[in-house]
Amino acid sequence: MNPRHTRSSLLVGSLLLIAATGVSCFADSGDGGGAASAPAVPALGRVIPAPASVTPHEVPYRITSATPIRVPGGSRKAREVADYLADVLRPSTGYALPVTADTGADGIRLLLADEADLGTEGYRLESGERAVTITARRPAGLFHGVQTLRQLLPPAVEARTARPGPWTVPGGTVRDAPRYAYRGAMLDVARHFFTVDEVKRYIDQLALYKVNTLHLHLSDDQGWRLAVDSWPDLAAKGGATEVGGGKGGYYTKDQYRELVRYAASRYLEVIPEIDMPGHTNAVLTAYPKLNCDGEAREPYTGTKVGFSSLCVPEEITYDFVDDVIRELAELTPGEVIHIGGDEADATPADEYATFMDRAQEVVNRYGKRVMGWHQLAGARPVDGAVIQYWGYDETGDAEREEVVRAAREGAEVVLSPADRAYLDMQYPEVTDIPYLGLEWAGKVDVRRSYDWDPGAYLDGLPADAVLGIEAPLWTETLSTSTELEVMAFPRLPGLAELGWSPRSTHDWDAYRQRLAAQAPRWDVLGIRYHRSPQVSWPASAE
Ligand code: TNX
């Protein structure tokens, strides 16, 4: 794939969409509620991420016991999206909601149509008296349209037991397509291990907000989390530790495949990361021969960074890199492998560049695109590399300029500024589970995480070099799903919106209203969230 080509065609697609439909009309309905100074958000637009365009009308659609889910045309993937929607709707409505390939003008209709302005992930949702119709060019668009439909229904629709309804969808038309192709979330399963079920739970939460990339940080000083046949002790020994001395864990290859499959069923691509040459203490405990002095390192369960390094001059290091990347590439259908490259403070600078040259070559040789943390920009990023910027206010100009220069030379950039997008940074307030998170990049409140523009964030960065944004969740202090949720909610939806919604929809006051409206859904879904004082949360669950 030519990344430049994809990028520009996506941008053109979104621009066409906005030009064709006009920008959203958030201000023209009286039922928004919320902060007095805020423009009212019409019921049809009370969705996160904000749709590109919303045109409400008076006549709603109502799901009843007679509603079919129609998916004409016989595409297996479209049918799977219909089945997914039925699985969401049946328990709470108590209706049969048969999925049928028969055409018809009534019911919930999922249609694939070759309309260029819908793009690869866009959709149109039209709701009226007889039907709610989601039209997309690709199944991914249908899936994202289904997420919008969920949010347009009452929160109780998310319940797993029958509720009274009524199940009304506001009338009108939503036209929607993403601003960025890459809308990511990262989960650090290395500092603390998270089971397959815990990761699936997070995937489901990401899918609600149209996130399409799950970056899995699979290795660090404290643990190695994926079985590798050619180096079995990576998982067997390197996987047996985590921060704080817990038992750790790792994914078998089948479990990893299951995660990739499950993510794909929610239209997320998995990008695995093996962090090198630093952040490798777990490797260096498992295989003494990978240390320059041949001696095994002690397991590490603390939270310091920057003290470990692979042995750059020794050829066996590249046998290891080759074997691991080969097996990982075989397991990974997505086109990108992330090789870390951050905080290699224990690797001499010239050795760092040498190592990254070779590691990148291996990734490309196994048919994958390289992604790395932005220190890669200071070495020699290969053609097509994706640079993940994680700087913050105190990041020096020289480091930013390296990223800008790499982008001018063709690299694409994913933005994860630590003082905006890092979900592990503490909120200014103590959360009801106290003392979660870190604060090295400062406290990050809900507004701060939402109120920035990825398109104008790095001075001098060409706008079309921004592939998208990602919200990393590092887990030095987090070890349960509930703890992940308290840090991710409510900041994650705002970051997802920055990745999806056109800049013209950006408005903190309107956003806070839409965010407040999500809380009853989280209550029904059992998602724990931080009740930030910046948002006027509704009092009750449903
Ligand atoms: C910096 S971000 C790191 C991680 C830590 C994180 C904690 C990055 C590329 N490196 O090793 O877990 O801070 O916020």
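Helices (H or I, at least four residues) and strands (E, at least two) are DSSP runs, numbered from the N terminus. The structure described here is a predicted model, in which local features need pLDDT of at least 70 and side-chain atom pairs count only at pLDDT 80 or more, while totals for chains, interfaces and linings use all residues. Residues are numbered from 1 along each chain as its sequence is written, and side-chain values use heavy atoms, with hydrogens and water left out. The briefing covers a closed barrel of 8 strands, an open sheet of 7 strands, the surroundings of a ligand and some backbone features.

**Ligand surroundings**

- The ligand is surrounded by 14 residues, and those that come nearest are Arg-191, Tyr-422, Asp-424, Trp-440 and Glu-476; a residue is near a molecule if one of its heavy atoms lies within 4 Å of it.
- This shell consists of 8 nonpolar, 1 polar and 5 charged residues, where Ala, Val, Leu, Ile, Met, Phe, Trp, Tyr, Cys and Pro count as nonpolar, Asp, Glu, Lys and Arg as charged, and the others, Gly among them, as polar.
- The side chain of Arg-191 places an N or O atom 2.7 Å from an oxygen atom of the ligand, a polar contact being a pair of N or O atoms within 3.5 Å.
- A nitrogen atom of the ligand lies 2.9 Å from a polar side-chain atom of Asp-342.
- For Glu-343, an N or O atom of the side chain is 3.2 Å from an oxygen atom of the ligand.
- Of the 360 Å² of accessible area that the ligand has on its own, the protein covers 98% (Shrake-Rupley method, 1.4 Å probe).

**The closed barrel**

- The 8 strands of the barrel follow the order S10-S11-S14-S15-S16-S17-S18-S19, and their pairing is parallel; two strands pair if DSSP finds at least two bridges between them.
- From one strand to the next, the twist averages 25°; axes are lines fitted to C-alpha atoms, for helices over the stretch in contact, and angles run from 0 to 180 degrees between N-to-C directions.
- Within the barrel, S16 (residues 369–373) pairs with S17 (residues 386–389) in the parallel sense over 3 bridges, and Trp-373 stands opposite Gln-388 in S17.
- Helix H4 (residues 196–208) lies across S10 (182–188), S11 (213–217) and S19 (466–473), and runs at about 150° to S11.
- Helix H14 (residues 491–500) packs on the sheet and touches S10 and S19, with a direction at about 170° to that of S19; contact means heavy atoms within 4.5 Å.

**The open sheet**

- Mixed pairing joins 7 strands in the order S1-S9-S6-S7-S5-S3-S4, with S1 (53–56) and S4 (99–100) as the edge strands, each pairing on one side only.
- S3 (residues 69–70) and S5 (residues 107–112) run parallel and are joined by 2 bridges; Ile-69 has Ile-108 as its bridge partner in S5.
- Helix H2 (residues 76–93) packs on this sheet, touching S3, S4 and S5, and its direction makes about 155° with that of S5.

**Backbone features**

- Most residues other than glycine have a negative phi, and most peptide bonds are trans.
- The peptide bond from Ile-48 to Pro-49 is cis, with omega near -5°, and Pro-49 lies in the loop between H1 (3–21) and S1.
- The bond from Met-276 to Pro-277 is also cis, with omega near -5°; Pro-277 belongs to the loop between S14 (269–276) and H7 (281–286).
- Lys-210, although not a glycine, has a positive phi of about 65°, and is placed in the loop between H4 and S11.

Terms used. Polar contact = N/O pair within 3.5 Å; in protein donor to acceptor, adjacent residues only side chain to side chain.
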